[in-house]
Each structure stands twice: as structure tokens, then as C-alpha cells.
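Open the model in your viewer and keep the selection tool ready. This tour goes stop by stop, saying what to select and what is there.

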Amino acid sequence: MSKYNHGHKWLTVRDNYPNDYHKYGDEIDVFAYDYCNCNGPECKLCGYSFCKHCKDESDIPNCKASENNCPNCTKPLKFDHHKEFMRCTNCNWSEPL
Ligand SMILES: [Zn+2]
Ligand SMILES: [Zn+2]
Ligand SMILES: [Zn+2]
């Protein structure tokens, strides 16, 4: 899954079920998207979800939000004009050069 995440940050079991996280840790919640016989993960940055049974993982579009949101805390990034890279004003993450 992580190999083909296309910039998406999938919701984990911890995100969706804070009380059960000790059982499943930080595994991706593959039932974040759940419809009839279809289920799959959902991106916490852009809200994109797909059915892991119907959709080929290589077919997933790139995450639109990841270009503008911090991959660490998901807050919007600001462009630092002095250093000329994206920086998070919330957790101080900066784009690896
Ligand atoms: Zn996404
Ligand atoms: Zn399906
Ligand atoms: Zn951040």
C-alpha cells in the first residue's frame, strides 16, 4: 500500500477508532471507505478513497492535497520565500531538498 500511495496519507485504525488503536496500531483502515461489497482506505489529506478490490493501486491519482499540506501534521504548508522551499509553520517540517 505505502509503495503506491501517490502522496496520499491514508487514515489509520488509530485515526478512526482511537479506542481500538492498541489492537491494530497504525495499520491503514481499509474500511474507511465501505459500500456494499466494496471497501478501501481513505486519504486524510484530500478525502480520496477507493475500493481495494475493484481499483488497481497503480491506477490511483496523485494526492492533490499533499502538494500543499504538511505530510507530518497535515496542516497547510507555506512557501518560504527566503529559503525557497515549502515549510510547515505548525510543526516546522520542511521539504527535503
Ligand atoms: Zn490524498
Ligand atoms: Zn469494489
Ligand atoms: Zn506540519
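**Stop 1: Ala-65**

Select Ala-65, which sits in the loop between β2 and β3 (78-80). Helices (H or I, at least four residues) and strands (E, at least two) are DSSP runs, numbered from the N terminus. Ala-65 is partly exposed because 17 other C-beta atoms lie within 10 Å. The cut-offs: a residue is buried with 20 or more other C-beta atoms within 10 Å of its own, exposed with 12 or fewer, and partly exposed in between, the C-beta atoms being placed from the backbone.

Now show what Ala-65 touches. Not counting residues up to four places away in sequence, Ala-65 is in contact with Leu-45 and Cys-46. Contact means that the C-beta atoms of two residues, placed from the backbone, lie within 7 Å. Draw a C-alpha to C-alpha distance from Ala-65 to Cys-43: it reads 9.4 Å, for residues 22 apart in sequence.

A word on conventions before moving on. This is a predicted model, in which local features need pLDDT of at least 70 and side-chain atom pairs count only at pLDDT 80 or more, while totals for chains, interfaces and linings use all residues. Residues are numbered from 1 along each chain as its sequence is written, and chains are lettered from A and ligands numbered from 1 in the order in which they are written.

**Stop 2: Lys-64 and Cys-63**

Step back to Lys-64, also placed in the loop between β2 and β3. Lys-64 is partly exposed, since 15 other C-beta atoms fall within 10 Å. Its C-alpha lies 9.8 Å from that of Gly-47, and the two are 17 residues apart in sequence.

Next, Cys-63. Which residues is Cys-63 in contact with, leaving aside its neighbours within four places in sequence? They are His-6, Gly-7, His-8, Cys-43, Leu-45, Cys-46 and Tyr-48.

**Stop 3: the nonpolar core**

Keep Cys-63 selected and add Trp-10, Leu-11, Ile-28, Cys-43, Leu-45 and Tyr-48. These seven residues form the largest nonpolar core. Such a core is a set of buried Ala, Val, Leu, Ile, Met, Phe, Trp, Tyr and Cys residues joined through C-beta atoms within 7 Å. Across the chain, 20% of the 97 residues are buried.

**Stop 4: Lys-52**

Move to Lys-52, in the loop between β2 and β3. Is Lys-52 exposed, partly exposed or buried? Lys-52 counts as partly exposed, because it has 17 C-beta neighbours inside 10 Å. Setting aside residues up to four places away in sequence, Lys-52 touches Val-30, Asn-39 and Gly-40. The C-alpha atoms of Lys-52 and Val-30 are separated by 7.9 Å, with their positions 22 residues apart along the chain.

**Stop 5: two positive phi angles**

Select Cys-36, in the loop between β1 (33-35) and β2. Its phi is near 50°, a positive value in a residue other than glycine. Most residues other than glycine have a negative phi. Cys-36 is exposed because it has 6 C-beta neighbours inside 10 Å.

Jump to Asn-92, in the segment after β4 (85-87). Here phi is about 75°, again positive although Asn-92 is not a glycine. Asn-92 has 10 C-beta neighbours inside 10 Å, so it counts as exposed.

**Stop 6: Glu-95**

Stay in the segment after β4 and pick Glu-95. Glu-95 is partly exposed, because 15 C-beta neighbours lie inside 10 Å. Beyond its neighbours within four places in sequence, Glu-95 is in contact with Phe-85 and Met-86. Draw a line back to Cys-63: 16 Å C-alpha to C-alpha, for residues 32 apart in sequence.

**Last stop: the whole chain**

Zoom out. The chain has two helices and four strands, running α-α-β-β-β-β from the N terminus on. The C-alpha trace spans about 50 × 35 × 20 Å along its principal axes.

Color by domain: domain 1 covers 1-62 and domain 2 covers 67-97. The bounds come from an automatic or database domain assignment. The C-alpha centres of domain 1 and domain 2 lie 24 Å apart. Of the contacts between residues at least 6 apart in sequence, 27% join residues at least 24 apart.

Finish by coloring on pLDDT, the predictor's confidence in each residue, from 0 to 100. The chain averages 84, and 93% of the residues score at least 70. Confidence is highest in strand β2 (residues 38-40), at 96, and lowest in helix α2 (residues 21-24), at a mean of 73.
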